[in-house]
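Biologist: Could you walk me through this fold, one step at a time? I would like to learn how you reason from the atoms.

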Amino acid sequence: MEGISHRTMEVNGIAMHIAEKGMGGPIVLMLHGFPELWYSWRHQINGLADKGYHAVAPDLRGYGDTDSPSAISSYSIFHLVGDIIALIAILGQAQVFVVGHDWGALVAWHLCLFRPDKVKALVNLSVAYMPRNPAIKPVDYYRSIYGDDYFVCRFQEPGVIEAEFGRVSTKRVIKKFYTLRDPAGIFIPKEGWISPNDEFSLPNWISEEDIDYFGNKFEKSGWSGGLNYYRCLNSNWELTEPWTGAQIKVPTKFIVGDLDLTYHYPGIQDYIHKGGFKHDVPLLEEVVVMKGVAHFIQQEKAHEITQHILDFIKKF
């Protein structure tokens, strides 16, 4: 954490907290997912700054020390991308490198879809580009494949999952997420997801102190901000109809763990490896599948991910 500085700036009508290091170099903007924070990039911030880059990692809208608007509609993909466009403008460089993970990857894909002029090159982790399917809304699709207990479906009704998470300590919920390694997916039965007797053995890439940091921030901000991203999935589908069939035209590298649940969606491996992904992202230069690695890839394989980022962006 030494040398990482923090500031808050006004972007797109909200106060956004960022962590940064390496002022003056080319900007590498890193976007986190759920349930995460800027802190998920702590290793990459140091590694990139050490190589002369200006590493920047915000708490996204609804997370950590960034504002959390109360309205679900304030978490549309246009709000999320708008925040990043405003942040790039304040940082003062015409173009930036972007790295995304999980929901941060989805925001990054749409940033490149809407404003490719702002992105020099993209490294996305875990979540491949998923082109809009005009035949079915996303939540309806997940429900048809996985059923009502699938986490995306369970997150839809406002207040319900917040109340369920509230019945156990925030840090226990964080531990549950960070120790999941079943690529079959996350299912949250209505009778309960976390038992008081559950024991969690942390992997060696995350410490109790790290859990404390995440837990303390989520205790302060609550869960609703991050959950509202999922609650906008179907409305995003409606709003992005004009981009049906559009391509991502930014130089791209994609990295995923073979134990990541996102690498086991029906048909996703064929899409990634047999031409569909390359069709939708024609400047896709490299796909890396990391063996034995699960979802929180930039923390589980911190040094390797930092090196993958450096190896790609140095070309530009």
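Modeller: Gladly! A residue is called buried when its relative accessible area is under 20%, and exposed when that value is over 50%. Keep in mind that this is a predicted model.

Biologist: Is Val 256 buried or exposed?

Modeller: Val 256 sits in strand β7, which covers residues 252-257. Its relative accessibility is 1%, and the cut-off for burial is under 20%. Therefore Val 256 counts as buried.

Biologist: How far apart are the C-alpha atoms of Val 256 and His 101?

Modeller: Along the chain, Val 256 and His 101 are 155 residues apart. In space, the separation of their C-alpha atoms is 9.7 Å.

Biologist: Which strands are at the edges of the sheet?

Modeller: Let's begin with the order of the 8 strands in this open, mixed sheet: β1-β2-β4-β3-β5-β6-β7-β8. An edge strand pairs on one side only, and that describes β1 (5-11) and β8 (284-290).

Biologist: In β5, what is the bridge partner of Val 28?

Modeller: Strands pair through backbone hydrogen bonds, either parallel or antiparallel. Here β3 (residues 27-31) and β5 (residues 96-101) pair in the parallel sense, over 4 bridges. Within β5, the partner of Val 28 is Phe 97.

Biologist: What angle does the direction of helix α3 make with that of β6?

Modeller: Helix α3 (residues 103-114) packs on the sheet and touches β3, β5, β6 and β7. Comparing the direction of α3 with that of β6 (119-125) gives about 150°.

Key. Residues numbered from 1 in each chain as written. Predicted model: local features only at pLDDT ≥ 70, side-chain atom pairs only at ≥ 80, totals over all residues. Heavy atoms only, no water. Helix = DSSP H or I, 4+ residues; strand = E, 2+ residues; numbered from the N terminus. Buried < 20%, exposed > 50% of the residue type's maximum accessible area, 1.4 Å probe, protein only. Pairing = 2+ DSSP bridges. Contact = heavy atoms within 4.5 Å. Axes fitted to C-alpha atoms, helices over the stretch in contact; angles between N-to-C directions.
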